[in-house]
Amino acid sequence: DTIPLLHGAHRIGKRMDVDMNRWRGYGLGQFIHWGLYSILGGDYNGKHYNGAAEWIRSWNQLPNAVYDSLYKQFNPKDFNADKWAAMAKQMGVKYVTITTKHHDGFCLWPSKYTSYNISNTPYKKDIIKQIVDAYTKVGIDVYLYFSVMDWHNPDWRYDLKSASDTIAFNKFKKFTQSQLEEQLRMYPQIKGFWFDGTWDNSWKKSGAFSDSLDQDLKRIHPGLIIGSRLRADDYGKRHFDSNGRLMGDYEQGWERTIPETFADTHGNDWECDMTIPENGWGYAKQWMGHWKTSDELIEMLAKCVSLDGNFVLNFGPKPNGTFRQKEVADAKAIGDWMKINNTAIYNCAHVNWEKQDWGYFTTPTSQDDKVYMIVFNVPVSGALRVLPTKNILLKKAYLLDGDKQLSIEKLDGSAYFVHLPNEGQKQPFVVVLETEKGKNGKQDIN
Ligand SMILES: C[C@@H]1N[C@@H](c2cn(-c3ccccc3)nn2)[C@H](O)[C@@H]1O
């Protein structure tokens, strides 16, 4: 029996309208973290902050007043939104999420609700408008990242422990709603919000407000897509309400991590947001630890799509508005791979066949007699094992790039070997399988 909730999930199962179906088919997205933290790049007074560079304001080596005056230096002379959009287009991303206000409270748009915004910097111009217009122009959908937690706003509270806390936080909630409605009025082309900074007790105690805010924003902008990180339920539960039901249009908890199995996704829509370095979203002069290679990133993309999720890769532009060389190179490498193989990524879904070591299965949502094999690990035998669900037979197998036919060997039971040509493949590649229904005609691919 379920717990009665006023502010729990209002929908069970996936959203199936045209806007969400478009979101479901994106496959690949870009995240951009840009702001005052980019100026410091994780360093201050010759010392390097070991946390995520966009959290440097929380570092006790750096006085808040010093951080909060960085806006006087923000003047990205080389910023060109059309160049950013062109790089994203070449990479093959279908959507972008851009930070409008991170935890530090600095607004990259000329908000009328705080003077702590781009119009009071030497740069002056509206960065968000330029990005929304440039990406929309090349056909990439735009989503706005918004941190509820706002270290700069004196009415922000981590917890509500007194009447004065509640009075201040009520003012803060009004300020938050005003800024979001302002963004919807100023940037009507956007497709959704990406909320962050909603883990503190003050927000967990604001479940009713988070619910009404979600509904108000969608009333102003029908079709708006909002992930599970915005809401808290009647008891402060987040992402999943007290009855275990997802609150939001998709699960937004996969930050720098990917579900291991389809069961881990609970059958929801979900998005993985990934950094190229180990941690850190804003520009850092010194990237600590391992920098993921483009092959690793392409495998993460394939894994996400094979589990019914989207893969969103983060970029942290420099204070002057250009990208570091490694990010430009990865965007190019991913884009070159997508140019050949995006058929197995865009508008594709999970296949409930047994996972194999050589890589990942996807299937086009529009065709249930086709399955793609995205191959990363070729066995020394050159034979790729495929075990379809019962009554599914393999008819044909060929390379997506160049159509070369591959021989199929039927094994005992319902397994097959797909034999690869012996020339070594240097890049991850895609094999296309054409299937047909077995004797009792049932086709249960996904
Ligand atoms: C999308 C990413 N989310 C922000 C974040 C959140 N957190 C975090 C860390 C510990 C507990 C709760 C939240 N750390 N970083 C990062 O700063 C970045 O914006």
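Trainee: What makes the approach of E54 to the ligand a polar contact?

Mentor: A polar side-chain atom of E54 lies 2.7 Å from an oxygen atom of the ligand. A polar contact is a pair of N or O atoms within 3.5 Å, so the pair qualifies. The model is predicted: local features need pLDDT of at least 70, side-chain atom pairs count only at pLDDT 80 or more, and totals for chains, interfaces and linings use all residues. Residues are numbered from 1 along each chain as its sequence is written, and side-chain values use heavy atoms, leaving out hydrogens and water.

Trainee: How far from a ligand oxygen atom are the polar side-chain atoms of H33 and W55?

Mentor: For H33, an N or O atom of the side chain is 2.7 Å from an oxygen atom of the ligand. For W55, the distance from a polar side-chain atom to a ligand oxygen atom is 3.0 Å.

Trainee: Which residues surround the ligand?

Mentor: H33, E54, W55, H102, H103, Y145, W194, D196, W199, R229, E255 and W281 do; each has a heavy atom within 4 Å of the ligand.

Trainee: Why are α6 and α8 called roughly parallel?

Mentor: Helix α6 (residues 163-186) and helix α8 (residues 207-220) pack at an angle of about 20 degrees, and their axes are 11 Å apart. Angles under 35 degrees count as roughly parallel, and α6 and α8 are therefore roughly parallel to each other. Their crossing is right-handed.

Trainee: Which residues of α6 and α8 meet?

Mentor: From α6, K173, Q177, L180, E181 and L184 meet F209, L213, D216, L217 and I220 of α8, where contact means heavy atoms within 4.5 Å. These residues divide into six nonpolar, one polar and three charged.

Trainee: What makes α9 and α10 oblique?

Mentor: Helix α9 (residues 294-306) and helix α10 (residues 325-341) pack at about 50 degrees with axes 9 Å apart. Oblique covers the angles left over once those under 35, over 145 and from 65 to 115 degrees are set aside; α9 and α10 are therefore oblique to each other. The crossing of α9 and α10 is right-handed. S294, L297, I298 and L301 of α9 make the contact with K326, D330, A333, I334, W337 and M338 of α10. By class, the contact has seven nonpolar, one polar and two charged residues.

Trainee: How do you know that α4 and α10 are oblique?

Mentor: Helix α4 (residues 81-91) packs with α10 at an angle of about 40 degrees, their axes being 7 Å apart. The two helices are therefore oblique to each other. M87, Q90 and M91 in α4 meet residues of α10 including V328, I334 and M338. The contact of α4 with α10 has six nonpolar, two polar and three charged residues.

Definitions and conventions. Axes fitted to C-alpha atoms, helices over the stretch in contact; angles between N-to-C directions. Helix = DSSP H or I, 4+ residues; strand = E, 2+ residues; numbered from the N terminus. Left-handed = near helix turned anticlockwise from the far one by under 90°. Nonpolar A, V, L, I, M, F, W, Y, C, P; charged D, E, K, R; others polar. Polar contact = N/O pair within 3.5 Å; in protein donor to acceptor, adjacent residues only side chain to side chain.
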